[in-house]
Amino acid sequence: MEIINNNSFEKYLTYLNQAMPHSPWVRNDEIQPTFIKVFNAIQENLVLTEINTDNAMYLSSEPKEILFGIYKENILSILLSWPTNHPGFISYNIRTACETLLKLVHSHLFIDKSYEQVSRTSFRHLKEDNKKETEGIVKDSIIKLCKIYGESSRKVHGHSASYSDGDLIINNYFENIFDDIDYYADLIFELTDQYFILNKNLFGFSVQSLRVDQRIKIRSNISEEKLTLLN
């Protein structure tokens with residue numbers, strides 16, 4: 001399994017071995033391929049978001065600048081929740097990142113709204129208003145994000161443990177890797193793909209307009225497959 005930035009992944013593993021040494025995702029000698037894929041997807045989004053929030057390149061409205069920063073924190077939280085081996089926690093962070101991305105879209109479409117107004121917009125209005133104002137690829141992307149949000153919400157509310165002893169609940173999460181890892185990984189892959197698609201087709205992101213150092217950063221840390229979503 002290719003690792004886009006081996007140094008970043010090694011630093012991540014070092015942190016996890018110190019912070020969560022009993023996690024089944026890090027205590028084995030062989031790292032699960034799905035874990036590497038999830039890391040790559042999040043890392044690519046982090047790189048793109050860092051460039052989005054670089055004021056020297058991206059002249060955005062204040063609400064969008066704030067939301068880009070929040071989205072960065074949201075997807076980084078997925079990398080913290082995944083090795084906890086708790087599907088409900090992972091689902092919560094996927095849903096939160098998805099909602100922030102829908103708010104980013106909303107802020108772009110309704111430029112007169114303040115950050116406070118956008119942040120208070122309910123999911124129902126994010127879904128309906130964003131779909132009304134878009135078409136084609138962008139509308140399809142919004143529909144996919146709404147589906148991810150709905151599925152993640154069901155997982156958050158549907159996940160529960162049947163143990164009465166708190167210690168048993170905690171121990172259970174560290175015994176074996178959780179079920180349906182491909183399902184949760186696919187939600188993350190879809191979410192992170194939509195971020196790239198929206199950058200090109202809605203936010204006006206252009207690799208050609210980047211500074212030389214930013215282009216180098218993009219090409220060094222983002223796979224060719226993801227780069228095609230920006231071209």
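**A guided tour, starting at Glu99**

Select Glu99 to begin: with a relative accessibility of 22%, this residue counts as partly exposed. Keep in mind as you look around that the model is predicted.

Now add Lys103 to your selection. The side chains of Glu99 and Lys103 meet in a salt bridge, with 3.9 Å from N to O. What separates the two along helix H4? They are four residues apart in this helix, which covers residues 87-109, and that puts about one helical turn between them. Lys103 is the buried partner, with a relative accessible area of 12%, while Glu99 is partly exposed.

**Step back to the whole chain**

Zoom out and switch to a cartoon view. You will find 11 helices and zero strands. Following the elements from the N terminus, you read α-α-α-α-α-α-α-α-α-α-α. The protein has 231 residues, and 47% of them are buried.

Try a surface view next. The accessible surface comes to about 11700 Å², and carbon and sulfur atoms account for 47% of that surface.

How much of the contact pattern joins residues at least 24 apart in sequence? Among contacts between residues at least 6 apart, the share is 74%.

**A second pair, in helix H6**

Go to helix H6, residues 123-132, and select Arg124 and Glu128. They form a salt bridge whose closest N and O atoms are 3.7 Å apart. As with the pair in H4, the two residues sit four apart in their helix, about one turn. Are these partners buried or partly exposed? Arg124 counts as partly exposed at 48% relative accessibility, and Glu128 is also partly exposed, at 35%.

**A bridge between two helices**

Your next selection is Lys226 with Asp193. Their closest N and O atoms are 3.4 Å apart, in another salt bridge. Which helices hold the two residues? Lys226 belongs to helix H11 (residues 224-227) and Asp193 to helix H9 (residues 181-201), so this pair ties together parts that are 33 residues apart in sequence. Lys226 is buried, its relative accessible area being 8%. Asp193, at 26% relative accessibility, is partly exposed.

Leave both residues on screen and add Glu44. Salt bridges with shared partners join Glu44, Asp193 and Lys226 into one network. How many salt bridges does a search of the whole structure find? It finds seven, including the ones you have just visited.

**Last stop: two cysteines**

Finish by selecting Cys98 and Cys146. A disulfide is a covalent bond between the sulfur atoms of two cysteines. How many disulfides does a search of the whole structure find? The result is zero.

Why is there no bond between Cys98 and Cys146? The closest cysteine sulfur to that of Cys98 is the one in Cys146, and at 7.0 Å it is too far for a bond. A disulfide would need the two sulfur atoms within 2.5 Å. Coming from the other side, Cys146 is in no disulfide either, and its nearest cysteine sulfur is that of Cys98.

Show the surface once more and look for these two residues. Cys98 is buried at 0% relative accessibility. Cys146 is buried as well, with a relative accessible area of 8%.

Key
Residues numbered from 1 in each chain as written. Predicted model: local features only at pLDDT ≥ 70, side-chain atom pairs only at ≥ 80, totals over all residues. Heavy atoms only, no water. Salt bridge = Lys/Arg side-chain N within 4 Å of Asp/Glu carboxyl O. Buried < 20%, exposed > 50% of the residue type's maximum accessible area, 1.4 Å probe, protein only. Contact = heavy atoms within 4.5 Å. Areas by Shrake-Rupley, 256 points an atom, 1.4 Å probe, with all protein chains shown as cover.
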